[in-house]
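Colleague: Hi! Could you walk me through this one? I'm still new to reading structures.

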Amino acid sequence: MVNPEITHVVLGFSVGLLNQLDRLLPAGSVLVVEEPAICAARDVAGQLARLSCAAGVVAAPVQDEANAATLARHVERPAGVRAVLPGLEYTVVAAAELAEAWGLPNGGPRAVRAFRDKSLLRETTRCAGIGHPDWQRVDGPQEVARFRAEHGGSCVLKPTHLQGSAGIQLLGPGDDLDEAWKRTEAADEVHLRTAHAGSPGYVVEEWLRGPEVSVEALVHEGRIAFLNTTETQLFPGRHPVERGHVVPAPDGGAAPAEAMHALVAATGFRSGILHAEWILRDGRPHLLECAARLPGDYIPFLIALAWDSDLIRGLVDVLEGRPPTMAPAPVRGAAVRFLDAAPGSVREVRGLDAARELPGVVEIWMSAEPGRSVEPMTSSWSRVGEVVAVGSDREAAAAHALAAAAAVHIVTTALG
């Protein structure tokens, strides 16, 4: 018998989301459903024991997208359940299907499936007046070579089914495409993803240059109820990994908001959250990709700091069937700056105490510590720490985060 106190079901074990729900929801009200192999590998039951809101974990195939419509056979419906939340990119389809089977608000299984596949999303929205880079599906380096030759000697190679910039490469005329294809084909997130989380596929796209923003939108019954625009900076190099974010983004007029409304209408997305990434070329947004889940990279925290509003609470609201309560405008700026280091073994981390004392600094978190290895910058998982700061406006917040990041020095020794 499922605990009658359970009101929320989270598909996929997400430490960040569950920590936030722990401050919002009563004790014993959240049931986590996770893949059997991940339950064992990550000791999900043991980690949940530290969270007051957690009622326990059920093992079920939450990443099996091909059979997600049958998930309700594996998970007993709690009598008092009010919402189903996706905890991970790889469980958004199952969350929509389970909520649909239980008659609860969700983005809509068809819409959510489009957001899980970068090529399907382009096909779904191509006739909606939404800007896109030129693109095509590819099955090997020869097709990438033809596309690159037709687009001025550069292109972007992407897996259609991964997240966090994993496997994405910016390729110029001198890059070896056989080697690049092997890198992208080998990319994965084995600590989060199982083999049936999406069908592997690949696209090659036009390499667009211009300012990059993301748009976070809470959607209630097909209408955007809250919208935030975030400025994004990337690390230099072949892999487009985010180096920092600033909330709010510079005033770009109504174009990003209009593009987001068009995206919601084109996909038929109903209720939930969208996190879309856009390149602004000549002022017009061109869609890079979009996820039907909470953004990562501390963006919910930045929104909380800048807007004095809780994005997690807002998501719970729309998935429980009511409009979110969010502030009408940001009241300050907030920024995150991610840290990197030369690949090798970490010998020393300097300047942390000094950085924490700088103006505006809210939080500094480091994964780099003496003895740990730093890998080359190929995905979001390659970053070694981050600094979060606030300021009276976006410019002040960005300056404070940059100053604190510059005060931290990670000394590494190259591996032999």
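Colleague: How many cavities of 30 Å³ or more does the structure hold?

Modeller: There are two cavities of 30 Å³ or more. This is a predicted model, where local features need pLDDT of at least 70, side-chain atom pairs count only at pLDDT 80 or more, and totals for chains, interfaces and linings use all residues. Residues are numbered from 1 along each chain as its sequence is written, and side-chain values use heavy atoms, with hydrogens and water left out.

Colleague: What counts as a cavity?

Modeller: On a 1 Å grid over the protein atoms alone, a cavity is a set of points where a 1.4 Å probe fits but cannot get out, and its lining residues have an atom within 4 Å of a point. Grid points are joined across faces, edges and corners, and a volume is the space filled by probe spheres set on the points.

Colleague: How much space lies in the largest cavity, and which residues are closest to its centre?

Modeller: The largest cavity holds about 130 Å³ of space. It is lined by 16 residues, and Pro86, Gly107, Ser271, Ala292 and Leu319 are the closest to its centre. Strand 4 (83-86), helix 4, strand 12 and helix 11 (311-319) each give two or more residues to that lining. Helices (H or I, at least four residues) and strands (E, at least two) are DSSP runs, numbered from the N terminus. Helix 4 has the largest share of the lining, three residues.

Colleague: How does the lining of the largest cavity divide into nonpolar, polar and charged?

Modeller: It has eleven nonpolar residues, four polar and one charged. Here Ala, Val, Leu, Ile, Met, Phe, Trp, Tyr, Cys and Pro count as nonpolar, Asp, Glu, Lys and Arg as charged, and the others, Gly among them, as polar.

Colleague: And what lines the second largest cavity?

Modeller: Lys118, Leu121, Arg122, His132, Leu287, Leu288 and Glu289 line it, and its volume is about 30 Å³. By class, that lining has three nonpolar, one polar and three charged residues. Helix 6 (118-125) and strand 13 each supply at least two of them.

Colleague: New topic: how many residues has the largest nonpolar core?

Modeller: The largest nonpolar core has 44 residues, and Leu11, Leu263 and Trp278 have the most contacts inside it. Helix 4 turns up here too: the largest share of this core, seven residues, comes from helix 4. A nonpolar core is a set of buried Ala, Val, Leu, Ile, Met, Phe, Trp, Tyr and Cys residues joined through side-chain atoms within 4.5 Å. Buried means under 20% relative accessible area, exposed over 50%, and partly exposed in between (1.4 Å probe, protein chains only).

Colleague: What is leucine 11 in contact with?

Modeller: Leaving aside neighbours within four places in sequence, the contacts of leucine 11 include Val33, Val62, Leu71, Pro86, Ala94 and Leu98. Contact means heavy atoms within 4.5 Å. There is also a second, separate core of 41 residues, which includes Val241, Ile312, Leu319 and Val390.

Colleague: How many disulfides does a search of the whole structure find?

Modeller: Zero. A disulfide is a covalent bond between the sulfur atoms of two cysteines, and the search asks for a pair of cysteine sulfur atoms within 2.5 Å.

Colleague: Why is there no bond at cysteine 53?

Modeller: Because the closest cysteine sulfur, in cysteine 39, is 16 Å from the sulfur of cysteine 53, too far for a bond. Cysteine 53 is buried, at 0% relative accessibility.

Colleague: Is cysteine 127 buried or exposed?

Modeller: Cysteine 127 is exposed, with a relative accessible area of 75%. The closest cysteine sulfur, in cysteine 290, is 18 Å from the sulfur of cysteine 127, again too far for a bond.

Colleague: How many residues of helix 10 are buried?

Modeller: Seven of the nine residues in helix 10 (residues 299-307) are buried, so the helix is mostly covered. Among them are Ile299, Leu302, Ile303 and Trp307. Just after helix 10, aspartate 308 takes a positive phi of about 55 degrees.

Colleague: Last one: where is histidine 220 found?

Modeller: Histidine 220 is in strand 9. Histidine 220 is buried, with a relative accessible area of 13%. Beyond four places in sequence, histidine 220 is in contact with residues including Ala225, Arg270, Ser271 and Pro323.

How values were computed
On a 1 Å grid over the protein atoms alone, a cavity is a set of points where a 1.4 Å probe fits but cannot get out, and a pocket is an open set with protein on both sides within 12 Å along at least five of seven lines; lining residues have an atom within 4 Å of a point.
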